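User: I have a model open and would like to go through it with you. Can you take my questions as they come?

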Amino acid sequence: MTATNALKGRKVILHDMCLRDGMHAKREQISVEQMVKVATALDDAGIPYIQVTHGAGLGGNSLQHGFALASNEAYISAVASKMKQAKVSVLLIPGLGTMKELQAAYDAGARSVHVATHCTEADTSPQHIAFARKLGMDTTGFLMMAHLNDAAGIAAQGKLMESYGAHTVYVTDSAGYMLPDDVRARVSALREVLKPETEIGFHGHHNLGMGIANSIAAIEAGATRIDGSVAGLGAGAGNTPLEVFAAVCERMGMDTGVDLFKIMDVAEDIIVPMMDHMVRVDRESLTLGFAGVYSTFLLHSKRAAERTGVSARDILVELGRKKMIGGQEDMIMDTAMTLAKARGLIKDGAAV
Amino acid sequence: MKKIRCALIGSGNIGTDLIYKIKRSPVLEPVWMVGIDPNSEGLARACEMGLKTTADGVDGLLPHVLDDNIQIAFDATSAYVHAENSRKLNELGVMMIDLTPAAIGPLCVPPVNLREHADRVEMNVNMISCAGQATIPIVYAVSSVQGVEYAEIVASLASKSVGPGTRANLDEFTYTTSNAIQVVGGAKKGKALAIINPAEPPLIMRNTIYCLTEDEPDHVRITESILKMIGEVQKYVPGYRLVNGPIYEGNKVSVFMEVAGLGDYLPNYAGNLDIMTAAATRTAEMFAEEILAGKIKLKATEAA
C-alpha cells in the first residue's frame, strides 16, 4: 500500500496515559508506589512522555471528580525523581485547574502539560498556555470532544491555541466516537493552518475499537504525537492500547523509539493485574462511543444507575442527547434522578 | 418618587443587562454608561435607551459626577482596572458596586449579608461572581444549620453567555468564588468549578452545590433551611429553581439548581448574567432606600 510506504521512517512521539486517564478507570485509587512502579517500567521501555495526575488533572481532587490517594504534587515528585529519560506531563483543564497548581506541578518535576478545553472553547486557555511557556514546559493545546466541532472549527480553535503559545495542538476524541475519516479531516485542516513547526497530536479512546486505526489516520494526515495507554488503561473502553499501537508502527516501519517487548511485558505483568474491571468494549463503553458521550462518564453512570434504578445505558444516551460535556459529572446523577422521577421510580430528589 | 442616580462602567454583556434591571427599579435611575470603544454596540444601545455615554473610560465620567448627582456606580470592567475606577469615584462620594473579580471591598450575597454592608455604609462592595451568587446562598443555608467542613460548587454556563473578559481570566473567577464560599458561605474550605458548554440551543445555567457537614447532617432542618433560602433568592431572581435534591449520602449534601434569567439583554438561558446583575441591583436598591430615607449618608473617601 502506498500509505504504508509513505509512513515508513516517520518518527512518532508516544505519550502514555495510564497514570492519568487510567486514574478514571481506577476511581482515582492508584497509589504512589504503583505509579512509581509503572512509570519506571515505561521509562525503561523508552516511552518519552508519561502523564501523571488525577484523572481530571490539576485541581481534580474534588467531590465532583473523586479524591485520589495522594496529591498531584506527591505523585509527580515521586515519579519525576525516578525518571532516566521520560518527561512527566500533566493535564490542566481551565475552570478546574489553575496556574497556581501548574506552578506547583512544575516545582514537583512536571515538564510537559496538556492544557485542555472543550473543542469550541479554546479562548479559555490563553493564560494557562502562556504561563506553561513561561515556565519552559513542553506545551500542548488539547481540544476535547473533537467530534463536536467540524474540521474548519477545529482548525480555527487550534490556531488560537497556537497563538497563545502552544507547541502542539491535539485532536482529542474524548468520546471514542470518531472514525478514521473524521480524524483525517480534522488533522488535515489543522495541518493546513498551523505553522510548520507546530506539531499535531491525536488522543483516542477505544469505545468503537478504532483507537489504532484513528491514530494511524492522524499520522497519515500529519500528526506526530500519539496518546495511548499501555494495556489501554483509561476511561471508557480505555485509550488506544499503546503496546498494540507500537507493534503496528513497527510493522509499518515507523520509528517510536520504544522497546516493543518491554512495553508488552509492562501491559501483561503490571497494568492488567492492576485493573479493577477489564477495560474493554462492553455494553456501556460501546454506548459512550456510539452516542458520543465523554468516556469518564462510564463509572459515574453505573453508580447513578445503582441508586436510581435507571439503566446506565439510558442515562448515557440521555446525557448525549442533552449535549453534556467533560466536567459535567454532576449532571449524571441529576439526569438519572430526573429520568427516575419521570418513570415513577422515585418520588422526588429527597426520596433517593 | 425621587431616585438615586447611577453610572454603569463597562458596556459589555453585564453592563448592558444592568440598564434593563436598573430602569425597572423604583429607587434607581441609570444616567451614565461608560465604555472605552466609541463603536461598541453596548454604548450605542445605552445611548438609544436614553443614557449619557462616554467612550473615554472613567475619566470621561468624572467631570459630570457632581453636576449629575451620581451616587452609585456599577463596575463591570475587569479586575485589573477596578481599583483605579473605585478610588476615583469614591473620592467624589460615589458608592461602588464591583461586578469584577477584583474584590477589594467586602463580598456581598444579598440574602446572606447585604444588611450588614448597608449598616456599615461600605463604599465598595463586591458581587463575587455569577456562580458565587447562585451557590453561596445554599452553602450558607447549610452552614447556618451545622458546621460545613468543605463546600464545592459546579457551575455550568452556556457558551454564548460568557463574555471575553471572563474567558481570558478564568483563574480569577475560580479564586474569587472559592474564597467567597468560605468567607460568605461559611464553609471551612471552598472549591469552585466552572464548565462552559456550547450546546445549541444553549443550556440554561446549572449549579450543583455539594456540602460536607462536620457531623451527620440533620436532613429535616437542612432541607427546610435550603428551601427557605431559595425563596429569598427568588425574590430578586424569579428563575432560581431547585431541580433535584437535596440528597444525603453520609455527610454529603447535594443540591441541583437551575437559574433561568429574565431574558432582558441575553435570552433566558443566561441565568448567570441575570443573577449577577439582579444581585447587584438588589444591593444598590438597599443602599438607595436607606439614602432616600435619610438613614445613611455616603461620604467621600480621602484622596490618597
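Analyst: The answers below go through the two chains, their contact and some backbone details.

User: What kind of model is this, and what scores does the predictor give the complex?

Analyst: This is a predicted model. The predictor assigns the complex an ipTM of 0.93 and a pTM of 0.94.

User: And the mean pLDDT of chain B?

Analyst: Chain B has a mean pLDDT of 95, and 99% of its residues reach 70 or more.

User: Start with chain A. How many helices and strands?

Analyst: There are 15 helices and 8 strands in chain A. Its radius of gyration is 19 Å, and the globule rule gives 20 Å for 352 residues, so chain A is as compact as a globular protein of that length. Along the principal axes, the C-alpha atoms of chain A fill a box of roughly 60 × 40 × 40 Å.

User: What share of chain A is buried?

Analyst: Buried residues are 60% of the 352 residues in chain A. As for contacts in chain A with a separation of 6 or more, 76% are between residues 24 or more positions apart.

User: What do the strands of chain A close into, and is the pairing parallel or antiparallel?

Analyst: In chain A, 8 strands close into a barrel, in the order E1-E2-E3-E4-E5-E6-E7-E8, and the pairing is parallel. On average, neighbouring strands of this sheet are turned by 25 degrees against each other, direction ignored.

User: Give me one pair. How many bridges between E7 and E8 of chain A?

Analyst: Strand E7 (residues 199–203) and strand E8 (residues 225–228) of chain A pair in the parallel sense over 3 bridges. A:Phe202 stands opposite A:Ile226 in E8(A).

User: Which strands does helix H7 of chain A lie across?

Analyst: Helix H7 (residues 151–164) of chain A lies across strand E5 (138–144) and strand E6 (168–172) of chain A. H7 runs at about 155 degrees to E5(A).

User: Now helix H12 of chain A. Which of its residues are buried?

Analyst: In helix H12 (residues 283–291) of chain A, the buried residues are A:Glu284, A:Ser285, A:Thr287, A:Leu288 and A:Gly289. They pack against helix H13 (297–308) and helix H14 (312–321) of chain A.

User: What comes just after H12(A)?

Analyst: A:Gly292 sits just after H12(A) and takes a positive phi of about 75 degrees.

User: Which residue other than glycine has a positive phi near 50 degrees?

Analyst: That is A:Arg27, with phi near 50 degrees. A:Arg27 is in the loop between helix H2 (21–25) and helix H3 (32–44) of chain A.

User: Why does A:Arg27 count as partly exposed?

Analyst: Because A:Arg27 has 15 C-beta neighbours inside 10 Å. A residue is buried at 20 or more and exposed at 12 or fewer, with partly exposed in between.

User: Over to chain B. What is its secondary structure?

Analyst: Chain B comes to 10 helices and 11 strands. The radius of gyration of chain B is 19 Å, close to the 19 Å from the globule rule for 304 residues, so chain B is as compact as a globular protein of that length. Its C-alpha atoms fill a box of roughly 60 × 45 × 35 Å along the principal axes.

User: What share of chain B is buried?

Analyst: Of the 304 residues in chain B, 58% are buried. Residues 24 or more positions apart make up 71% of the contacts in chain B with a separation of 6 or more.

User: Where are the cis peptide bonds to B:Pro201 and B:Pro246?

Analyst: One joins B:Glu200 and B:Pro201, with omega about -10 degrees. B:Pro201 is in the loop between E8 and E9 of chain B. Another joins B:Gly245 and B:Pro246, with omega about 0 degrees, and B:Pro246 lies in strand E10 of chain B.

User: And B:Ile128, buried or exposed?

Analyst: B:Ile128 counts as buried because it has 28 C-beta neighbours inside 10 Å. Phi of B:Ile128 is near 65 degrees, a positive value in a residue other than glycine. B:Ile128 is in the loop between strand E6 (124–126) and helix H6 (130–143) of chain B.

User: Last topic, the contact. How many residues does each chain give?

Analyst: Chain B gives 29 residues and chain A gives 27 residues. On the side of chain B that touches chain A, the largest share, 6 residues, comes from E8(B). By class, that side of chain B has 14 nonpolar, 9 polar and 6 charged residues.

Conventions. Residues numbered from 1 in each chain as written. Chains lettered and ligands numbered in written order. Predicted model: local features only at pLDDT ≥ 70, side-chain atom pairs only at ≥ 80, totals over all residues. Pairing = 2+ DSSP bridges. Helix = DSSP H or I, 4+ residues; strand = E, 2+ residues; numbered from the N terminus. Axes fitted to C-alpha atoms, helices over the stretch in contact; angles between N-to-C directions. Contact = placed C-beta atoms within 7 Å. Nonpolar A, V, L, I, M, F, W, Y, C, P; charged D, E, K, R; others polar. Rg over C-alpha atoms; globule rule 2.2 N^0.38 Å. pLDDT = per-residue confidence, 0-100.
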